[in-house]
Amino acid sequence: MIYLIFTLPFLCKIKMDNTMEVCSKENGLYLRGLATLMIVLHHLCLSVNGSGILLHVGHLASSIFFFLSGYGLMKKKDLNGFWKKRLSAVYVPFVVANAIFIFARVLSHEKISLFMVICWLFGFILIDSFKWFIIVLLLCYFLYYLCFKCMKQNQLIGMFLFLTGYLILCLKMHTLAYWYIPIYTFFVGMMFEKYEKIIMENLNKYYMKWCVVFGGTFAFCMYRMIVYTNTPLEMFSTFVFLGCMILFCMKLRFTSKYLLHLGKISYSVYLMQHLPIAYFPRNNQVLYLICCFISILILGELLHLFLQKIKTKP
């Protein structure tokens with residue numbers, strides 16, 4: 001019930017809106033807001049050893065971020081100033097958030113060596129396990145840059161092969177599954193941008209049939225994941241979930257100003273979410289969840305404002 005209350009201000013406003021531009025800038029912000037809400041509730045549920053559907057939405061939320069990132073890069077297809085833009089937008093906030101986490105550890109009287117400070121600050125070692133996403137996203141950026149810088153054709157095939165190599169490496173190293181489960185959705189975003197017109201025309205022509213296919217398959221995937229977690233099924237479910245989201249956005253549109261704003265500060269919220277989760281006392285579970293949720297949003301907002309300030313500073 002408490003999780004439902006958290007979602008109401010963000011998801012209470014939805015209206016009918018036929019559109020073929022499901023990945024427009026505004027709609028992308030709404031989807032980022034939805035993904036942020038999902039991932040925060042997922043981590044809160046994990047923190048109190050909860051149960052139910054929220055335990056199985058983390059990889060789905062991540063798939064939205066990867067999909068939109070892949071789609072956005074293919075939409076622009078611009079390598080001029082590529083790393084300057086990506087590092088300032090992704091890596092600099094990551095380092096700032098790491099500095100805040102280090103400061104929190106110092107305040108808790110934890111003894112930290114200079115070596116660990118440097119490793120945590122620049123991400124050589126993750127101070128916060130939730131930040132795996134940033135490392136994988138930067139890897140996707142690197143692979144994209146490599147393909148489009150060094151290959152004159154078949155860049156998408158090259159991207160697929162690189163991601164497959166990353167998957168094989170993760171499996172060989174017995175990496176935790178969340179490091180690779182949503183990885184192919186970055187490639188799906190790239191493919192969707194390239195063939196968007198063809199895909200959208202087909203989905204629109206057979207809309208109800210595709211709703212039954214994707215909706216039924218997604219329901220089955222969620223049922224199976226709740227009963228028994230299976231990594232291949234989780235990977236498959238990310239593609240099905242994205243299909244459901246595209247179909248949803250073709251006929252319906254989020255209109256909550258709170259969800260839109262959450263989409264604008266989504267990255268900052270993601271970076272800061274583990275701080276309250278890790279340090280707040282858990283004597284009262286309901287109070288803990290309420291305080292964590294509110295604090296995560298506040299910290300995300302403050303970090304976003306700080307980053308905007310240093311970004312615009314002459």
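Helices (H or I, at least four residues) and strands (E, at least two) are DSSP runs, numbered from the N terminus. This is a predicted model, in which local features need pLDDT of at least 70, side-chain atom pairs count only at pLDDT 80 or more, and totals for chains, interfaces and linings use all residues. Residues are numbered from 1 along each chain as its sequence is written, and side-chain values use heavy atoms, with hydrogens and water left out.

**Exercise 1. Two histidines in loops**

Work out where His109 and His174 sit in the chain, and find the sign of phi for each.

Solution. Start with His109: the loop between helix H4 (82-107) and helix H5 (114-122) holds this residue. Next, look at the backbone: phi of His109 is positive, about 65°, although the residue is not a glycine. Then turn to the surface, where buried means under 20% relative accessible area, exposed over 50%, and partly exposed in between (1.4 Å probe, protein chains only). His109 has a relative accessible area of 73%, so it is exposed.

Now repeat the steps for His174. This residue is in the loop between helix H7 (155-172) and helix H8 (184-194). Its phi is positive, near 55°, and His174 is a residue other than glycine. With a relative accessible area of 72%, His174 is exposed.

**Exercise 2. Two residues of helix H2**

Decide whether Asn27 is buried or exposed, and do likewise for His42; then list what each touches.

Solution. First place the residues: Asn27 is found in helix H2 (residues 25-47), and His42 is in helix H2 too. Second, check accessibility: Asn27 has a relative accessible area of 5% and is therefore buried, while His42, at 10%, counts as buried. Third, find the contacts, meaning heavy atoms within 4.5 Å. Leaving aside neighbours within four places in sequence, Asn27 is in contact with Val22, Cys249 and Arg253. With residues up to four places away in sequence not counted, His42 touches Leu54, Leu55, His56, Val57 and Gly58.

**Exercise 3. Looking for disulfides**

Find how many disulfides the model has, and explain why Cys147 does not form one with Cys150.

Solution. Begin with the chemistry: a disulfide is a covalent bond between the sulfur atoms of two cysteines. The rule here asks for a pair of cysteine sulfur atoms within 2.5 Å. For Cys147, the closest cysteine sulfur is in Cys150, 8.4 Å away, which is too far for a bond. For Cys221, the closest is in Cys244, at 9.0 Å, again too far for a bond. By this rule the count is 0 disulfides. As a last step, check the setting: Cys147 is buried at 0% relative accessibility, and Cys221 is buried with a relative accessible area of 0%.

**Exercise 4. The whole chain**

Describe the fold in numbers: which elements does the protein chain have, and how does its radius of gyration compare with the globule rule?

Solution. Count the elements first: the protein chain has 15 helices and 2 strands. The radius of gyration is 20 Å, close to the 20 Å that the globule rule gives for 314 residues, so the chain is as compact as a globular protein of that length. Here the radius is taken over C-alpha atoms, and the rule is 2.2 Å times the number of residues to the power 0.38. To finish, 48% of the 314 residues count as buried. Among contacts between residues at least 6 apart in sequence, 78% join residues at least 24 apart.
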